[in-house]
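Please look through the sequence and the model below before reading on. The paragraphs that follow go from single residues to the chain as a whole.

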Amino acid sequence: MVPSVRVEVTGRDAVVVHPEGEIDYSSLEPLREALLDARIAGVREIVVDLREVTFLDSQGLAVILYAHQRQRSAGGRLVLRNLNENAYRLLAVTNLTTVIDVDHGSSVAPAQSRSGLAAAPLPGQPRTRPGVARR
């Protein structure tokens, strides 16, 4: 799948960025451009909807973090929405869940781990991850 990004204007000062496919070193340019364009346009709130993202690596996360820092410095906000379990785990391991706003209302937050890095499961989800023994 060729990486692509769709931008949805949701208000005068708000957009939702919808990247699709894998976000890694070789495919992050469309996301970087969409986030930069939103910033240049003076958008106050950027929501990055990761529903259609199949893979996110540290380079992709670095692009998102940079955009987050630029938004905050200008008094704006960047929010991540619809993270899959792997993307959420990457944020948790890097401790960025305490830095970048994550909309848990429609994301797949992984079950509570022994390290305490992950959020509690959503209602109806099991409390353990596959491969983790229950006590």
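A residue counts as buried when its relative accessible area is under 20%, as exposed when that value is over 50%, and as partly exposed in between. The model discussed here is a predicted one. Ala14, a residue of strand S2, has a relative accessible area of 17% and is therefore buried. Outside its neighbours within four places in sequence, Ala14 is in contact with Glu8, Val9, Val43 and Glu45. Its C-alpha atom is separated by 7.9 Å from that of Val47, a residue 33 positions away along the chain.

The order of elements puts this in context. The protein chain holds three helices and six strands, and from the N terminus they run β-β-α-β-β-α-β-α-β. Of the 135 residues in the chain, 38% are buried. If contacts between residues at least 6 apart in sequence are taken, 56% of them join residues at least 24 apart.

What is at the centre of the packing? In soluble globular proteins, nonpolar side chains tend to be buried together. Here the largest nonpolar core has 28 residues, and Leu35, Ile46, Leu78, Leu80 and Leu83 are those with the most contacts inside it. Two or more residues of this core come from each of strand S2 (14-23), helix H1 (29-40), strand S3 (45-49), strand S4 (53-56), helix H2 (58-73), strand S5 (77-81) and helix H3 (85-93). Leu35 shows how these parts come together: apart from its neighbours within four places in sequence, Leu35 is in contact with Val17, Ile46, Val48, Val63, Ile64, Ala67 and Leu78.

Helix H3 can be read by its two sides. An α-helix has 3.6 residues a turn, so residues three or four places apart point the same way. Within H3, the buried residues include Ala87, Tyr88, Leu91 and Ala92. These four lie on the same side of H3 because they cover an arc of only 140° around the axis. Asn86 and Val93, on the other side of the helix, are exposed. The partners against which the buried residues of H3 pack are S4, H2, S5 and S6. At the start of the helix, a side-chain oxygen of Asn84 comes to within 3.1 Å of the backbone nitrogen of Asn86. Just after the helix, Asn95 takes a positive phi of about 65°.

H3 also carries a salt bridge within its own length. Arg89 and Glu85 form this pair, with their closest N and O atoms 3.2 Å apart. Both residues belong to H3 and are four residues apart, about one turn of the helix. Arg89 has a relative accessibility of 32% and so counts as partly exposed, and Glu85, at 27%, therefore also counts as partly exposed.

The structure holds five salt bridges, and some of them join parts that are distant in sequence. Arg77 and Glu45 meet through their side chains at 3.0 Å, N to O. This pair joins strand S5, where Arg77 sits, to strand S3, where Glu45 sits, across 32 residues. Arg77 also forms a salt bridge with Asp101, again with the closest N and O atoms 3.0 Å apart. That second pair links S5 to strand S6 (residues 101-103), its members being 24 residues apart. Glu45, Arg77 and Asp101 are thus linked in a network of salt bridges. How accessible are the members of this network? Arg77 is partly exposed, with a relative accessible area of 38%; Glu45 is partly exposed at 29%; and Asp101 is partly exposed at 34%.

Asp24 stands in contrast to these charged residues. Asp24 is placed in the loop between S2 and H1. This residue is buried and yet has no salt bridge, the nearest side chain of opposite charge being that of Arg32, 10 Å away. What does the side chain of Asp24 make a polar contact with? The partner is the side chain of Ser26, at 3.0 Å. Beyond its neighbours within four places in sequence, Asp24 is in contact with Phe55 and Asp57.

How values were computed: Residues are numbered from 1 along each chain as its sequence is written. This is a predicted model: local features need pLDDT of at least 70, side-chain atom pairs count only at pLDDT 80 or more; totals for chains, interfaces and linings use all residues. Side-chain values use heavy atoms; hydrogens and water are left out. A nonpolar core is a set of buried Ala, Val, Leu, Ile, Met, Phe, Trp, Tyr and Cys residues joined through side-chain atoms within 4.5 Å. Buried means under 20% relative accessible area, exposed over 50%, partly exposed in between (1.4 Å probe, protein chains only). Contact means heavy atoms within 4.5 Å. Lys and Arg count as positive and Asp and Glu as negative; His and the chain ends are not counted. A salt bridge is a side-chain nitrogen of Lys or Arg within 4 Å of a carboxyl oxygen of Asp or Glu. A polar contact is a pair of N or O atoms within 3.5 Å; within protein, one must be able to donate a hydrogen and the other to accept it, and residues adjacent in sequence count only if both atoms are side-chain atoms. The arc is that of the directions from the helix axis to the C-beta atoms.
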